[in-house]
Amino acid sequence: MAAFDFAPLIVLLPFTSFFVAVAAAIWRPNILPKGGALPGIAATAGSLLVSLWVAVEVLGGGRTAETVYVWSTGVGDAPELVFSLLLDPLSALMLLIVSLVATLVHVFSLGYMNDEDETGLPRYYAGLGLFTASMLGFVVAGNLLMAFIFFELVGLCSYLLIGFWFREAGPPSAAKKAFLVTRFGDYFFLVGVAGVFATFGSAAFAGPESFPAVAEAALTGEASVRTFGFGTQTWFSVLGFLILGGVVGKSAQYPLHTWLPDAMEGPTPVSALIHAATMVAAGVYLIARIYGFYALLPTVLAAIALVGGFTALFAATMGLVKREIKQVLAYSTISQYGYMMLGLGAGGYVAATFHLMTHAFFKALLFLGAGSVIIAMHHNEDMWDMGGLRKRMPVTYVTFLAGSLALAGIVPFAGFWSKDEVLYEALVHGLGGSPILLAAYGMGLVAVLFTGFYTFRMVLLTFHGDPRTELARNPHGVGWNVKAPLVVLGVLATTAGFLNMVPVHELLGFPPEYLHDWLAHDGGRSAFAGLTSEHYGELLHDWAGYSTVELSAILPGLVSLGLALLGAGGAYALYAGDDPEEHTEKLGAAKTVLYNNYYQDEYQVWLTDSVVKPLSRTMDTFDQGVVDGTVNTVSSVSLFSGRRLRRIQTGVVSNYAVLLTLGLTALVLVVGVLGGWFA
Amino acid sequence: MAVPPSYYLLLSAALFCIGVAGVLTRRNALLFLMSIELMLNAANVNFVYFSQFWGNVTGQTFSLFVIALAAAEVAIGIGIILVLYRNFDGVDVTEATTMRW
């Protein structure tokens, strides 16, 4: 397995580029050409090549789950803590996505950062390198603790890169917000990791000792685990919800989605890499990674589906009225991750993975396209200041349009196939006897309409009509380093969906559903049988009670396509002219509510002010009063008695003599009385 | 005609009490020294008497040691008093109270 021997390089190469950039920044600030971009590009391209090699190996049936480094051997029967590598179809696919997008973003950064003469470039490329390494480390992680460590590193890099322009007012505050909000979710994740260790004694993802396998055995009664007095299913659901906390934070699901729109303060390539294609995907990927565990827990699955469906709709409505191009994209990102959660919750493991892949391509494309527009507009992001850019930047326009069609879910672009499959899975499992899934499906379906609308509103306002400002009339040109990544991603956003055309397969019997086949089999290695979509299907049927109805994929596909077209048509009707009006003004109060994001930020601040702060103040009082009070009392008693007692040290020798004499006399008297001298 | 032991014990006790009283009541450092000499000699009286009483010279020998020790103590005591005089312009022990709380 030669490729697997080189697999650690996938993580180590970007990590090296991080070190190179940091070392250069410290000792020889100007030694690296292009501010450190070249080592980064070389490292991520190297990772991409090794990832490709690994993917080929996996395609040939190769799988591996090996321990790379034991960093704590347990005492007694405490579990070992290890770094381990898990390479299977899911991680191989994700490795390809992450390393490809990371490479393209590094190239794009040449145009967005270097050509714009930004300062602090080594810091920027160090952050990108560390981020790429952490994300790839998260993807190959073979156990929950390692996944958690890299999850946190990814969050740290997000903080560093959002706050890249730390001299301005907005970015540092946005960086802190992103850090704190995701950390709030990660806190639950950490408790969940500890809980998994305490319950199963192992946090591995693969093999017969892995915790999903043990959980399954515990439910059938073949294995016993510590459940701390709860019912087995109940306790597993608690663990599932705890881990879900981290997922909701990282994947920006309601109610922890508030950090993502603010994170747009970071440089646009960072938004593309972190806040669209990869880091935000970490949460969804984590659920997919331990899907064997979640498939046992119908309650948690229903919650995931409901949160996902709700987030998809909720975020889509907010995207309808935004003025800044990146804000629209931010809300569409939240909404699309909602679809992935809906897919996972509804039992559509393959569908959600598929949407994760296509979304990574088309959303990275859209963000980089937006970055190109922002370069052209001299960093003005307001869509109402744009217009008519179509003729002036044709490459950006064509690729952006491909991404938009994919986002809106218009056939045959990538997003159509994947979003359609997610909705189809929700529908068939919902009709199979789960009203919650049907409700989530309904919300997802309405969100399709809104997605079509805001996507084409964005395209029309940015690229069509007459230029509305002088900036838009004479945009700044963009170089090859911007166009090349756009073209690559544009091709992928157009074609990635062909990997898994469920309705076409049903109609014609070909082409094969490649992604289904990719994720379904264990390559003849029974140790990995627990990580296949076939196995997940059985679990969902046996434990979650999901059943499907016989339903053609064609009609639901046509419904969602129709809704997407309706939304897009609505946007065309309202915004197609040479000089479109601001129709959002007509929404009145609704517009204010949407524009202020349903006052979610205000509501969370209120929650902090009126619940968390008084609670903290009470805790502070307890701490100051009771805990510190005890310590202070002890010390003040000894201080007081010391102050009194020291008075006998008069410094007058005669007094000491008196004390000596009296003391001796008293001693003699005591000895005498006890010794019976006076009896 | 032997003097009974109680006489010697009374003499020694009287000497010791005079010494203690001197230490407790006097303020002059020289008188302190003298009072200490009195207490030491009260012990010597006992040593010498009981040595003769038992016909054993160990007690008399010990009293010689005590006298030697007293000489040494006086040498050091005088030195201390000299320093006391230089630093506090007098030998009143109640004046020298800088080493207190």
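**Exercise 1. Pro255(A) and the cis bonds**

Task: In this predicted model, locate Pro255(A) in chain A and state the geometry of the peptide bond from Tyr254(A). Then treat Pro412(A) in the same way.

Solution:
- Step 1. Place the residue. Pro255(A) sits in a loop of chain A, with α9 (232-250) on one side and α10 (259-262) on the other.
- Step 2. Read omega. For the bond from Tyr254(A) to Pro255(A) omega is near 5 degrees, and the bond is cis.
- Step 3. Turn to Pro412(A). The loop between α18 (394-408) and α19 (414-431) of chain A holds this residue.
- Step 4. Read omega again. Val411(A) and Pro412(A) are joined by a cis peptide bond, with omega about 0 degrees.
- Step 5. Set this against the background. Most peptide bonds are trans, and most residues other than glycine have a negative phi.

**Exercise 2. Two histidines with positive phi**

Task: Find the loop that holds His378(A) and give the phi of this residue. Is His378(A) buried or exposed? Repeat for His379(A).

Solution:
- Step 1. Locate His378(A). It lies in the loop between α16 (349-376) and α17 (389-392) of chain A.
- Step 2. Take phi. His378(A) is not a glycine, yet its phi is positive, about 55 degrees.
- Step 3. Count neighbours. His378(A) has 11 C-beta neighbours inside 10 Å. The cut-off for exposed is 12 or fewer, so His378(A) counts as exposed.
- Step 4. Move to His379(A). This residue is also found in the loop between α16 and α17 of chain A. Its phi is near 65 degrees, again positive in a residue other than glycine.
- Step 5. Count again. His379(A) has 11 other C-beta atoms within 10 Å and is exposed.

**Exercise 3. A glycine in a loop**

Task: Decide whether Gly465(A) is buried or exposed. Which residues does Gly465(A) touch, leaving out those up to four places away in sequence?

Solution:
- Step 1. Place Gly465(A). It is in the loop between α20 (435-463) and α21 (470-473) of chain A.
- Step 2. Apply the cut-off. Buried requires 20 or more other C-beta atoms within 10 Å. Gly465(A) has 20 such neighbours, so it counts as buried.
- Step 3. List the contacts. Gly465(A) touches Gly387(A), Gly388(A), Leu460(A), Gly577(A), Asp578(A), Asp579(A) and Pro580(A).
- Step 4. Check one pair. Gly465(A) and Gly388(A) are 77 residues apart in sequence, but their C-alpha atoms are 5.0 Å apart.

**Exercise 4. The strand pair of chain A**

Task: How do β1 and β2 of chain A run, and how many bridges join them? Why is β2(A) described as largely enclosed?

Solution:
- Step 1. Take the inventory. Chain A has 29 helices and two strands.
- Step 2. Pair the strands. β1 (residues 64-72) and β2(A) run antiparallel, joined by seven bridges.
- Step 3. Fix the register. Ser72(A) is opposite Leu81(A) of β2(A).
- Step 4. Test burial. In β2 (residues 81-87) of chain A, five of the seven residues are buried, so the strand is largely enclosed by the rest of the structure.

**Exercise 5. Two chains described**

Task: Describe chain A by span, burial and contact range. Do so for chain B, and explain why chain B is more spread out than a compact globule.

Solution:
- Step 1. Chain A. Its C-alpha trace spans about 120 × 65 × 55 Å along the principal axes. Of its 679 residues, 54% count as buried. For contacts at least 6 apart in sequence, 81% join residues at least 24 apart.
- Step 2. Chain B. Its C-alpha trace spans about 55 × 25 × 25 Å along the principal axes. Buried residues make up 12% of its 101 residues. Among contacts with a separation of 6 or more, 42% link residues 24 or more positions apart.
- Step 3. Elements of chain B. It has three helices and zero strands. The order from the N terminus is α-α-α.
- Step 4. Apply the globule rule. It gives 13 Å for 101 residues; the radius of gyration of chain B is 17 Å, well over that, so chain B is more spread out than a compact globule.

**Exercise 6. Where the chains meet**

Task: How many residues of each chain are in contact? Classify the crossing of α29(A) with α1(B).

Solution:
- Step 1. Count. Ten residues of chain B contact eleven residues of chain A. The chain B side has six nonpolar, three polar and one charged residues.
- Step 2. Take the helix pair. The axes of α29 (residues 653-675) of chain A and α1 (residues 5-25) of chain B come within 8 Å and cross at roughly 140 degrees.
- Step 3. Classify. That angle makes α29(A) oblique to α1(B).
- Step 4. Name the residues. α29(A) contributes Ser654(A), Ala657(A), Val658(A) and Thr661(A), while α1(B) contributes Val20(B), Val23(B) and Leu24(B).
- Step 5. Sort them. This helix contact has five nonpolar, two polar and no charged residues.

Note on methods
Residues are numbered from 1 along each chain as its sequence is written. Chains are lettered from A and ligands numbered from 1 in the order in which they are written. This is a predicted model: local features need pLDDT of at least 70, side-chain atom pairs count only at pLDDT 80 or more; totals for chains, interfaces and linings use all residues. Two residues are in contact if their C-beta atoms, placed from the backbone, lie within 7 Å. Ala, Val, Leu, Ile, Met, Phe, Trp, Tyr, Cys and Pro count as nonpolar, Asp, Glu, Lys and Arg as charged, and the others, Gly among them, as polar. Helices (H or I, at least four residues) and strands (E, at least two) are DSSP runs, numbered from the N terminus. The radius of gyration is taken over C-alpha atoms; the globule rule is 2.2 Å times the number of residues to the power 0.38. Axes are lines fitted to C-alpha atoms, for helices over the stretch in contact, and angles run from 0 to 180 degrees between N-to-C directions. Angles under 35 degrees count as roughly parallel, over 145 as roughly antiparallel, 65 to 115 as roughly perpendicular and the rest as oblique. Two strands pair if DSSP finds at least two bridges between them.
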